[in-house]
4 protein chains.
Amino acid sequence: MTRPNNEYMDAIIGHKFNVLDKGYLIVADYMGDEEKIARSARVSYGDGTTKKNNDAGLIKHLVRNHHETPIEQVCITFEMKLPMFVLGQVIRHRIMSPNVMSARYSVMPDEFYIPSLERIKAQSKTNMQGSGEDLDGFTKNAIHSSIKFSNKASKHDYDMLLEKDLTRELARGVLNQNQYTKMVCTFNMRSLMNFMQLRKADDAQWEIQQYANVLCDIVKVWMPNLWDAFEDYRLNSITLSGRQIEYFKSFLVGATDGYSRDLMEDFYNGINGNNMGWSKGEIRETIEKFERLVG
Amino acid sequence: MTRPNNEYMDAIIGHKFNVLDKGYLIVADYMGDEEKIARSARVSYGDGTTKKNNDAGLIKHLVRNHHETPIEQVCITFEMKLPMFVLGQVIRHRIMSPNVMSARYSVMPDEFYIPSLERIKAQSKTNMQGSGEDLDGFTKNAIHSSIKFSNKASKHDYDMLLEKDLTRELARGVLNQNQYTKMVCTFNMRSLMNFMQLRKADDAQWEIQQYANVLCDIVKVWMPNLWDAFEDYRLNSITLSGRQIEYFKSFLVGATDGYSRDLMEDFYNGINGNNMGWSKGEIRETIEKFERLVG
Amino acid sequence: MTRPNNEYMDAIIGHKFNVLDKGYLIVADYMGDEEKIARSARVSYGDGTTKKNNDAGLIKHLVRNHHETPIEQVCITFEMKLPMFVLGQVIRHRIMSPNVMSARYSVMPDEFYIPSLERIKAQSKTNMQGSGEDLDGFTKNAIHSSIKFSNKASKHDYDMLLEKDLTRELARGVLNQNQYTKMVCTFNMRSLMNFMQLRKADDAQWEIQQYANVLCDIVKVWMPNLWDAFEDYRLNSITLSGRQIEYFKSFLVGATDGYSRDLMEDFYNGINGNNMGWSKGEIRETIEKFERLVG
Amino acid sequence: MTRPNNEYMDAIIGHKFNVLDKGYLIVADYMGDEEKIARSARVSYGDGTTKKNNDAGLIKHLVRNHHETPIEQVCITFEMKLPMFVLGQVIRHRIMSPNVMSARYSVMPDEFYIPSLERIKAQSKTNMQGSGEDLDGFTKNAIHSSIKFSNKASKHDYDMLLEKDLTRELARGVLNQNQYTKMVCTFNMRSLMNFMQLRKADDAQWEIQQYANVLCDIVKVWMPNLWDAFEDYRLNSITLSGRQIEYFKSFLVGATDGYSRDLMEDFYNGINGNNMGWSKGEIRETIEKFERLVG
């Protein structure tokens with residue numbers, strides 16, 4: 001018996017995946033492979049059970065049925081350079097082990113996030129935490145310059161305070177949220193799946209999505225069967241509530257001469273007068289789900 | 001401002017809910033109400049957002065979208081008397097604070113679980129961890145007596161070892177898994193929701209379901225809106241994987257003259273020859289989900 | 001049986017304890033009292049043990065021997081307004097439930113931390129994360145003005161970006177670490193004890209110490225016996241390593257004509273030539289501990 | 001950059017360390033080495049600090065000052081065969097990932113713990129959870145036979161219930177706590193240090209000490225500097241409370257003609273009449289600590 005390893009992971013250890021304008025993600029270490037997940041699961045099942053046919057099937061089974069402790073037996077350590085506001089989102093994940101660069105100990109580097117022109121968008125009117133319309137070129141350029149200037153001013157003020165010999169722990173108060181910092185963290189694969197699902201999602205901030213995407217690309221090669229199950233049962237899945245099921249069923253069953261696209265339209269129109277007690281948000285989500293179901 | 005409280009919870013504190021033949025569950029303490037969940041959520045949203053119309057809607061929103069930290073702000077402490085094998089299942093929940101009766105310190109009481117005659121069933125042939133066919137009355141009675149006898153023997157051996165002055169910590173080795181023990185534990189409501197969903201489910205062992213059911217009944221009255229959302233989006237929901245959605249859609253879209261029950265049968269028959277790479281278990285689950293959708 | 005409560009806690013719920021120049025801490029909810037801790041501990045000990053004489057003694061016993069799950073049965077929820085850089089330190093505590101104001105959803109308020117003149121100190125030469133010498137009045141005033149100016153500039157740039165309709169999630173990038181934000185969090189008492197010990201300590205940043213001090217003052221009244229034990233065994237304690245014990249002992253035993261203050265001086269002088277493999281930091285800590293022991 | 005590895009760990013992967021009469025511990029996987037801990041710590045300290053001289057010194061510093069997140073970046077996965085009552089103690093550690101053999105799925109093997117004759121001792125009169133006097137040979141043999149018989153009866157009853165086709169999940173109710181089971185678990189090194197300290201201690205049950213000892217032996221070779229620091233600052237250390245320090249100091253300072261062994265005896269005699277509010281247990285512990293300090 002030898003330590004589980006994976007060629008791809010061995011090859012990318014230490015490789016710098018560039019993220020955003022100045023950030024990166026580096027895999028520093030990992031533990032486990034798909035065979036380990038399967039073997040750990042089989043400890044639970046013991047010898048009294050029929051032999052599960054194969055690892056791939058067993059892994060799908062674990063993901064499908066949320067038997068996730070075997071997936072926790074796999075870990076990954078990665079280092080990131082990331083803006084402070086992204087750090088604030090990463091650090092919210094509690095089932096992981098972080099070490100973050102300390103602005104009390106260290107002089108922070110002269111590196112600040114500047115969003116690209118394409119990324120500069122108007123605030124969405126409907127989604128409080130999202131971006132909406134495109135902005136005109138002139139405004140975009142003005143915003144771009146303004147952010148660059150603001151970053152520079154932040155750094156300038158910081159340096160001046162340090163020059164006056166103010167403690168680092170107080171001087172960093174004038175550094176803005178675009179300031180890049182560094183962290184190393186270890187996730188187990190179950191917790192990382194939660195991270196990827198949450199932070200790759202459309203409603204996550206675009207900047208953290210970029211880090212999540214790199215992780216997804218890595219896991220995809222490292223653990224193809226786990227990824228396939230994760231993608232199928234988690235990323236691409238929809239969950240229908242009990243009431244959504246009832247509503248959907250009532251439509252199909254009521255359609256004596258069968259399902260039709262027209263009827264579905266009526267259905268969507270009718271949904272607003274429903275007595276399900278659905279909010280506008282839930283109605284929108286329900287229609288989106290039904291759209292996915294009936295194509 | 002006063003401490004959040006709930007009349008029902010105040011009334012049942014200390015009340016013994018009987019569970020199984022000799023067990024119980026007692027609510028010893030609680031913290032929070034639905035208004036607290038809503039208020040905590042609003043801390044995240046801040047003042048810059050449109051006022052969420054009402055607490056009930058906000059709570060449904062939190063459950064539907066898995067924004068669960070506000071739900072963690074609510075806690076409950078309960079005490080249970082429960083067989084050792086049920087304890088083994090409860091203690092697996094890591095996001096909680098347990099205190100368990102120590103068989104090193106204490107002499108264990110003469111109380112053992114004896115399943116009722118109705119509960120005595122044959123091992124399922126298909127489900128490794130479930131019960132199957134009914135057994136004949138004679139066999140049931142024989143099993144019932146055998147368990148009672150076995151419990152008594154276990155207790156007798158234990159007492160004899162203590163009489164010989166063996167350390168409690170070793171003597172308890174002969175006590176069987178039907179031995180009742182006691183524990184007190186504090187869950188936050190998010191973790192309790194996971195507990196209830198997992199342990200109330202059909203594939204949970206019947207004995208732990210009985211404890212979960214008592215907790216469900218309590219939460220239902222304590223937090224009716226949270227319960228309603230939990231029931232709708234979690235207990236009564238179905239999750240369709242990306243491939244299940246594709247399959248379902250192909251059926252509906254292919255049905256040019258509309259949906260029909262007959263066609264659905266073909267579909268079920270056809271599914272076995274699918275190229276989705278589904279295992280027998282997944283095919284069974286898929287059909288069960290489709291059945292729920294099309295009635 | 002009624003829900004455990006505490007008069008002092010009931011009285012201060014909702015009360016705003018001012019912290020720093022614009023921050024605060026409010027107790028929003030709590031669960032449990034000292035009697036609950038003792039009762040939970042007694043569940044572990046069961047009936048087979050001699051009755052522990054009293055709650056106070058039992059609580060001291062638990063703290064002294066690190067039997068801390070009974071202490072987890074007590075919880076507190078508090079709300080804080082705090083600068084971003086203090087939030088970064090609070091959020092590092094993983095055994096707790098936080099809800100933080102979202103700068104994606106909300107427009108951040110015009111409130112920034114400005115350290116008082118007394119707080120403005122020079123960077124320590126020896127302690128990377130601490131403050132050292134006092135600065136002259138002129139420099140202090142210059143720093144003070146500079147921070148105020150920097151805060152205002154940060155806010156100005158933020159407002160301008162919002163005016164140009166940039167998404168909030170990107171605009172907040174120019175807000176600095178002095179920006180005040182809000183959070184609500186629930187700690188169990190064991191985790192809070194870790195928080196208090198770590199954040200009340202001399203080497204914690206002064207700003208977070210102020211929040212920790214308020215919590216300490218509250219716990220002191222709420223749970224006087226727990227506090228007394230916590231103060232005695234944790235805050236005021238010293239831990240001597242195996243090698244420090246050996247060294248200390250060699251001194252006492254070698255002193256044939258008894259202990260004397262002079263001898264101790266020799267000892268301190270001699271310690272630098274020790275072969276314990278101690279670093280300068282450890283030597284300093286060792287002497288500090290010995291000083292406490294011999295007065 | 002290559003994946004951190006360790007020759008010793010690579011050599012022992014899969015090796016069965018026998019524990020107790022029929023149990024074992026096998027290292028199945030590991031992640032990290034001492035250099036990784038140091039490198040992770042340096043991420044926190046950043047570039048602005050003076051270079052820490054070496055990894056060994058830095059690791060000692062981390063352990064001494066309880067900066068333990070860098071230590072969490074190291075993980076180990078091990079498999080154990082262990083009696084049910086030991087499992088009950090292992091599973092109490094919440095910061096780890098376990099997979100336990102399921103007695104619902106599996107038929108439990110015919111393997112039961114039988115304590116050796118040397119291990120069979122009388123219940124301690126003073127320590128509720130410990131062993132006391134030796135027992136006479138006749139009693140020991142009687143106990144030994146009795147446990148063996150009890151184990152066999154337990155297994156016999158279990159088999160009979162399975163033969164009658166009772167569900168496994170109910171049949172296991174008659175299996176006793178000496179039943180061997182299997183688990184695999186992943187700990188990070190911080191959590192494992194807590195495990196080792198707690199379970200290697202004299203007041204831990206002897207059986208779990210045997211598993212902890214194997215883990216200690218492994219960590220000692222894998223991470224010699226971490227082990228050295230752990231042993232010095234944790235295993236061999238003593239913690240003196242604020243009041244114990246006062247008392248100790250009063251003795252040394254009061255001893256005008258110096259410290260003497262005789263005086264210390266008076267001190268011990270006098271301690272019972274102290275006004276420190278110490279319980280008998282605390283007085284015993286205080287004297288034990290003072291004994292270690294003054295030799």
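A salt bridge here is a side-chain nitrogen of Lys or Arg within 4 Å of a carboxyl oxygen of Asp or Glu. Keep that cut-off at hand for the exercises below, which work on a predicted model.

**Exercise 1. Apply the cut-off to A:Lys125 and C:Asp165, then describe how chain C meets chain A.**

Step 1. Start with the pair itself: the N to O distance between the side chains of A:Lys125 and C:Asp165 is 3.6 Å. The rule asks for a value within 4 Å, and this pair is a salt bridge.

Step 2. Now widen the view. Between chain C and chain A the count comes to four salt bridges, along with 26 residue pairs in polar contact.

Step 3. Ask which elements of chain C take part. Those supplying at least two residues each include helix H5 (84-90), strand E4 (96-100) and helix H6 (137-163). H6(C) gives the most, with nine residues.

Step 4. Sort the residues on the chain C side: 23 are nonpolar, 15 polar and 14 charged.

Step 5. Finish with the extent. In this contact, 52 residues of chain C touch 52 residues of chain A, and about 4,800 Å² is buried, 52% of it on carbon and sulfur atoms.

**Exercise 2. Do the same for chain D and chain A, beginning with A:Arg3 and D:Asp10.**

Step 1. The side chains of A:Arg3 and D:Asp10 form a salt bridge at 3.8 Å, N to O. Across this interface the rule finds four salt bridges and 30 residue pairs in polar contact.

Step 2. On the chain D side, E7(D) provides the largest share, six residues. The residues there divide into 19 nonpolar, 19 polar and eight charged.

Step 3. The contact involves 46 residues of chain D and 46 of chain A. The buried area is about 3,600 Å², with carbon and sulfur atoms giving 51%.

**Exercise 3. Lay out the five-stranded sheet of chain A and place two helices on it.**

Step 1. Write down the order: E1-E2-E3-E7-E4, an open sheet with antiparallel pairing. Because E1 (16-19) and E4 (96-100) of chain A each have a single partner strand, one side of each lacks a neighbour in the sheet. From one strand to the next, the twist averages 20°.

Step 2. Zoom in on one pair. E1(A) joins E2 (residues 23-31) of chain A through four bridges, in the antiparallel sense, and A:Phe17 stands opposite A:Leu25 in E2(A).

Step 3. Add the helices. H8 (residues 189-200) of chain A lies across E3 and E7, running at about 130° to E7(A). H9 (residues 206-222) of chain A touches E1, E2, E3 and E7, its direction making about 35° with that of E2(A).

Technical notes. Residues are numbered from 1 along each chain as its sequence is written. Chains are lettered from A and ligands numbered from 1 in the order in which they are written. This is a predicted model: local features need pLDDT of at least 70, side-chain atom pairs count only at pLDDT 80 or more; totals for chains, interfaces and linings use all residues. Side-chain values use heavy atoms; hydrogens and water are left out. Two strands pair if DSSP finds at least two bridges between them. Axes are lines fitted to C-alpha atoms, for helices over the stretch in contact, and angles run from 0 to 180 degrees between N-to-C directions. Contact means heavy atoms within 4.5 Å. Buried area is the accessible area (1.4 Å probe) that two parts lose on being put together, summed over both. A polar contact is a pair of N or O atoms within 3.5 Å; within protein, one must be able to donate a hydrogen and the other to accept it, and residues adjacent in sequence count only if both atoms are side-chain atoms. Ala, Val, Leu, Ile, Met, Phe, Trp, Tyr, Cys and Pro count as nonpolar, Asp, Glu, Lys and Arg as charged, and the others, Gly among them, as polar.
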